[in-house]
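This report looks at how two helices pack against one another and then turns to aromatic rings and the overall fold.

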Amino acid sequence: MIVQAWRLPGHAGPQGANAEVLGRLALIEANMMNDAYLGQESLNQQKLAAIEVSEEHGKGIARWAGMVRSGDFREMAKAGEEMARWVVEEESHKAFPHKLPANAVRLFKKGGADVLAQLAGAQDGALKRLAANILHDALQHVLPRLALAGDANGRARLVREGLPALCQAPEVVTRNKGEKVKALLAAGAT
C-alpha cells in the first residue's frame with residue numbers, strides 16, 4: 001500500500017510523496033496487520049509521558065532561573081553555559097529503542113521558555129548567542145517542541161519577546177539561529 005502512495009497524483013512534495021499521505025497509509029496498513037501502532041502523534045505523547053521531571057531536575061532549572069533573573073552577567077553566563085551543555089544530552093528509556101532528548105523536554109516542562117526569553121532579551125551579545133544556541137539545539141527534536149506547546153504562556157513570551165530580540169541581535173550568527181528557531185516553531189510539532 002505504501003509503495004502505491006508514490007503513484008498518487010497531486011500528493012508529491014519536494015522530496016517525493018507527501019509525508020502526511022505516507023504516514024496515514026502506514027497507520028492504515030499497521031492497523032490492518034493488527035500490530036497496535038496508533039500513529040506518530042500517539043507515539044510522541046507516550047514518549048513525553050515517559051520523560052519525568054525529578055525533584056533534582058526541577059531544582060537545577062529553578063537555580064538557573066534564579067541566576068538568569070539576578071541580572072548579573074557572570075551568573076547569567078554561567079547558567080546559560082550549564083543549560084547549553086545539559087540540553088543536548090539524550091537519555092535511553094527502556095520502552096523506546098532510540099535515545100530521547102529528555103533534558104530539553106524537562107527544561108520546557110518546568111518553565112524554561114521564560115528563562116530563555118529573559119536570557120535572549122539580555123543586552124549583551126554573548127548572552128543572546130547562548131540563548132540562541134540553547135533554543136536551536138533544544139528545539140531540533142519534535143518532543144521538546146511538543147513540551148513547549150504545552151506551556152502556552154512560556155511559548156507566548158518566547159515568541160513575543162525572546163525571538164524578536166534574537167532576530168534583531170547585532171551578530172549574524174545569533175540572528176540566523178533566531179530565524180531558524182522561529183522557523184522550527186512555525187513548523188509546529190510536525
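In this predicted model, helices α5 and α7 are oblique to each other, because their axes cross at roughly 130°, an angle that falls outside the ranges counted as roughly parallel, roughly antiparallel or roughly perpendicular. The two axes come within 11 Å, and α5 passes α7 in a left-handed crossing. The residues that make this contact are listed by helix below.

| Helix | Residues in the contact |
|---|---|
| α5 | Met76, Gly80, Met83 |
| α7 (residues 112–120) | Val115, Leu116, Leu119 |

Helix α5 (residues 73–87) also carries Trp86, which takes part in the one aromatic pair that a search of the whole structure finds. Its partner is Trp64, and the pair is edge-to-face because the planes of the two rings stand at 65°, where an angle over 60 degrees is required; the ring centres are 5.2 Å apart. Since Trp64 belongs to helix α4 (residues 55–69), the pair ties together parts that are 22 residues apart in sequence. Both Trp64 and Trp86 are buried.

As for the chain as a whole, eleven helices and two strands are present, and along the sequence they follow the pattern α-β-β-α-α-α-α-α-α-α-α-α-α. Of the 190 residues in the protein chain, 39% are buried, while the accessible surface comes to about 10800 Å², with 53% of it belonging to carbon and sulfur atoms. Among contacts between residues at least 6 apart in sequence, 62% join residues at least 24 apart.

Terms used:
Residues are numbered from 1 along each chain as its sequence is written. This is a predicted model: local features need pLDDT of at least 70, side-chain atom pairs count only at pLDDT 80 or more; totals for chains, interfaces and linings use all residues. Side-chain values use heavy atoms; hydrogens and water are left out. Rings of Phe, Tyr and Trp (its six-membered ring) pair if their centres lie within 6.5 Å; planes under 30 degrees apart count as stacked, over 60 as edge-to-face and the rest as tilted. Helices (H or I, at least four residues) and strands (E, at least two) are DSSP runs, numbered from the N terminus. Buried means under 20% relative accessible area, exposed over 50%, partly exposed in between (1.4 Å probe, protein chains only). Contact means heavy atoms within 4.5 Å. Accessible areas come from the Shrake-Rupley method with a 1.4 Å probe; for residues, only the protein chains shown count as cover. Axes are lines fitted to C-alpha atoms, for helices over the stretch in contact, and angles run from 0 to 180 degrees between N-to-C directions. Angles under 35 degrees count as roughly parallel, over 145 as roughly antiparallel, 65 to 115 as roughly perpendicular and the rest as oblique. A crossing is left-handed if the near helix is turned anticlockwise from the far one by less than a right angle, and right-handed if clockwise.
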